[in-house]
Amino acid sequence: MEQFYHLAHAFMNLDLVALSDPKLSTMLCFMLALFMILENGFLPTAFLPGDSLLVLTGVLIYQDVVSWAVLPMLIACSFFGTWLGYMQGRFFGHTELYHRLLSHIDKAHQEKAYYLLNKYGILTLITARYIAFVRTVYPCIVGAAEIPQGRFLIINLISAMMWCTPLVFFGYYISHTKLAETYQNQFLSFILYLPLVLLALGLGAIIWRQIRKRRVASRNK
């Protein structure tokens, strides 16, 4: 618990030297991996940041906080999380619990996932990766549709590589730019705090949606 406090303190204070400490760096990699699995694999945690964390990872690699070994780890975690989503849909897709969890996701995201699957098939997992919430819902829907697991695993691996790799390299690349070097403190603040802001917004949106549902339900009584 103490190490987690030190990690949070170093993160909030943009202390790259502290974050580069092997113990904190290892814990940071663990947190990135955990967030990647949860965001890709479980409907209740679909609000967690994904894209911004990958960009942040590229920046952290440039700053020598973590090594390039984190990239294949994140690809594996993304693959594993999405597979977990598929298995949930496969085994629980016709249960009341599954539909209750799915109801917490905005209807627009659900409809987009169904549209992609119906029009383009399993290959659209590659496109779904780049759409927040949809990349979490989509594997569950694919699993519930009982699409063969072999095909899904191949596309899952390809899409995980095509999602993680460009965004991590993008974060690494923008760290080289003159603008990032000139305004280094502001740049790092933006990159480090962006996932936290998106996390708060996503969580806030889910809470607000639940409040609206309860209000509508109380009016209909």
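Y86 is buried, at 0% relative accessibility. That value, like everything else here, is computed from a predicted model. F152 is buried as well, and its relative accessible area is likewise listed as 0%.

**Ring pairs**

What do Y86 and F152 do with their rings? They stack: the ring centres of Y86 and F152 sit 4.3 Å apart and the planes make an angle of 15°, under the 30 degrees that counts as stacked. Y86 belongs to helix 5 (residues 70-92) and F152 to helix 10, so this pair ties together parts that are 66 residues apart in sequence.

A search of the whole structure turns up 5 aromatic pairs. Another of them joins Y62 and Y172, whose ring centres are 5.8 Å apart with planes at 75°, so this one is edge-to-face. Here Y62 comes from helix 4 (residues 51-62) and Y172 from helix 10 (residues 149-174), so the pair ties together parts 110 residues apart in sequence. Y62 counts as partly exposed at 26% relative accessibility, and Y172 is also partly exposed, at 25%. Ring pairs also put Y62 and Y172 into a cluster with W68 and F169.

**The nonpolar cores**

As a general point, nonpolar side chains in soluble globular proteins tend to be buried together. In this model the largest nonpolar core holds 38 residues, and L54 and V66 are the ones that touch the most other members. Helix 1 (2-12), helix 2 (16-19), helix 3, helix 4, helix 5, helix 10 and helix 12 (184-220) each give two or more residues to this core. Looking past its neighbours within four places in sequence, L54 is in contact with M36, L74, W163, C164, L167 and V168. Another core lies apart from the largest one; it has 21 residues, including L43, A128, Y138 and A144.

**A buried glutamate**

E39 is part of helix 3 (residues 22-41). Is this glutamate buried or exposed? E39 counts as buried, with 1% relative accessibility. Its side chain makes a polar contact of 3.3 Å with the side chain of N40. Beyond the neighbours within four places in sequence, E39 is in contact with T45, A46, L48, P49, G50, R135, T136 and W163. W163 also turns up among the contacts of L54.

**Cysteines without a bond**

How many disulfides are there? The count comes to 0. For C77, the nearest cysteine sulfur is that of C164, at 8.8 Å, and C77 is in no disulfide. The sulfur of C140 has its closest cysteine sulfur in C77, 18 Å away, which is too far for a bond. For scale, the cut-off for a disulfide is 2.5 Å between the sulfur atoms. C77 counts as buried at 10% relative accessibility, and C140 is buried too, with a relative accessible area of 1%.

**Loops and odd backbone angles**

Two residues that are not glycine have a positive phi, and here they are side by side.

| Residue | Phi | Loop | Relative accessibility |
|---|---|---|---|
| D64 | near 60° | between helix 4 and helix 5 | 63%, exposed |
| F133 | about 75° | between helix 8 (125-128) and helix 9 (134-144) | 15%, buried |

D64 is exposed at 63% relative accessibility, whereas F133, at 15%, counts as buried.

D64 also shows up in the surroundings of S20. S20 is placed in the loop between helix 2 and helix 3 and counts as partly exposed, at 31% relative accessibility. Which residues does S20 contact, leaving aside its neighbours within four places in sequence? They are S25, D64 and V65. So much for contacts; as for backbone distance, the C-alpha atoms of S20 and Q63 are separated by 8.7 Å, with their positions 43 residues apart along the chain. D64, as noted, lies in the loop between helix 4 and helix 5, while S20 sits in the loop between helix 2 and helix 3.

Notes: Residues are numbered from 1 along each chain as its sequence is written. This is a predicted model: local features need pLDDT of at least 70, side-chain atom pairs count only at pLDDT 80 or more; totals for chains, interfaces and linings use all residues. Side-chain values use heavy atoms; hydrogens and water are left out. Rings of Phe, Tyr and Trp (its six-membered ring) pair if their centres lie within 6.5 Å; planes under 30 degrees apart count as stacked, over 60 as edge-to-face and the rest as tilted. Helices (H or I, at least four residues) and strands (E, at least two) are DSSP runs, numbered from the N terminus. Buried means under 20% relative accessible area, exposed over 50%, partly exposed in between (1.4 Å probe, protein chains only). A polar contact is a pair of N or O atoms within 3.5 Å; within protein, one must be able to donate a hydrogen and the other to accept it, and residues adjacent in sequence count only if both atoms are side-chain atoms. Contact means heavy atoms within 4.5 Å. A nonpolar core is a set of buried Ala, Val, Leu, Ile, Met, Phe, Trp, Tyr and Cys residues joined through side-chain atoms within 4.5 Å.
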